[in-house]
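Hi,

Here is the structure I promised to pass on. Have a look at it first, and then read my notes below.

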Amino acid sequence: TVKLCKQVMRPGAKFGIVISNYRNKSGQDVTISQDMQAVAEQHLTFDHHYKVQWSAIGGSRQAKKTRDGNFEDLWVFTK
């Protein structure tokens, strides 16, 4: 998908990916987000990385993985 997008992008155009930062179950120290970043960097130039917080609501009934905030990564690349 990234390769195809690069083909139709103009020089200097931006490409963004919002993706979960969950770790895989095999215990590897690489998140899904970091893996996708590496894939995109094979075709585009890294520009910025942002943490996106989807919900500021907290509480004890919240899932453990989201108690510190429900974050995803926004990766921005340039052609």
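Before the details, one cut-off: a residue counts as exposed when its relative accessible area is over 50%, as buried when that area is under 20%, and as partly exposed in between. Please also keep in mind that this is a predicted model.

Let me start with the strands. Strand β3 covers residues 71–78, and two other strands pair with it. On one side of the bookkeeping there is β1, residues 14–20, which is antiparallel to β3 and shares seven bridges with it. If you want a landmark in that pairing, take I19, whose bridge partner in β3 is D73. Then there is β2, residues 45–53, which also runs antiparallel to β3, this time with eight bridges. A handy landmark here is T45, which sits opposite T78 of β3.

Now the charged pairs. How many salt bridges does the count come to? The answer is two.

One of them joins D47 and K14, with 2.1 Å between the closest N and O atoms. The two partners come from distant parts of the chain, 33 residues apart: D47 belongs to strand β2 and K14 to strand β1. As for how open they are, K14 has a relative accessible area of 53%, which is over 50%, so K14 is exposed. D47 comes out at 22%, so this residue counts as partly exposed.

The other salt bridge is between D73 and K51, where the closest N and O atoms are 3.1 Å apart. This pair also links distant parts of the chain, with D73 in strand β3 and K51 in strand β2, 22 residues apart. Is D73 buried or exposed? D73 is buried, because its relative accessibility is just 4%. K51, with a relative accessible area of 49%, falls in the partly exposed class. So D73 turns up twice in these notes: as the bridge partner of I19 and as the acidic end of a salt bridge with K51.

One last residue to click on is S20, which lies in strand β1. Its relative accessible area is 17%, so S20 is buried. Leaving aside residues up to four places away in sequence, S20 touches I32, S33 and E72.

If you open the model, I would begin with D73 and its salt bridge to K51, then move to D47 and K14, and finish with S20 and its contacts.

Cheers

Methods:
Residues numbered from 1 in each chain as written. Predicted model: local features only at pLDDT ≥ 70, side-chain atom pairs only at ≥ 80, totals over all residues. Heavy atoms only, no water. Pairing = 2+ DSSP bridges. Helix = DSSP H or I, 4+ residues; strand = E, 2+ residues; numbered from the N terminus. Buried < 20%, exposed > 50% of the residue type's maximum accessible area, 1.4 Å probe, protein only. Contact = heavy atoms within 4.5 Å. Salt bridge = Lys/Arg side-chain N within 4 Å of Asp/Glu carboxyl O.
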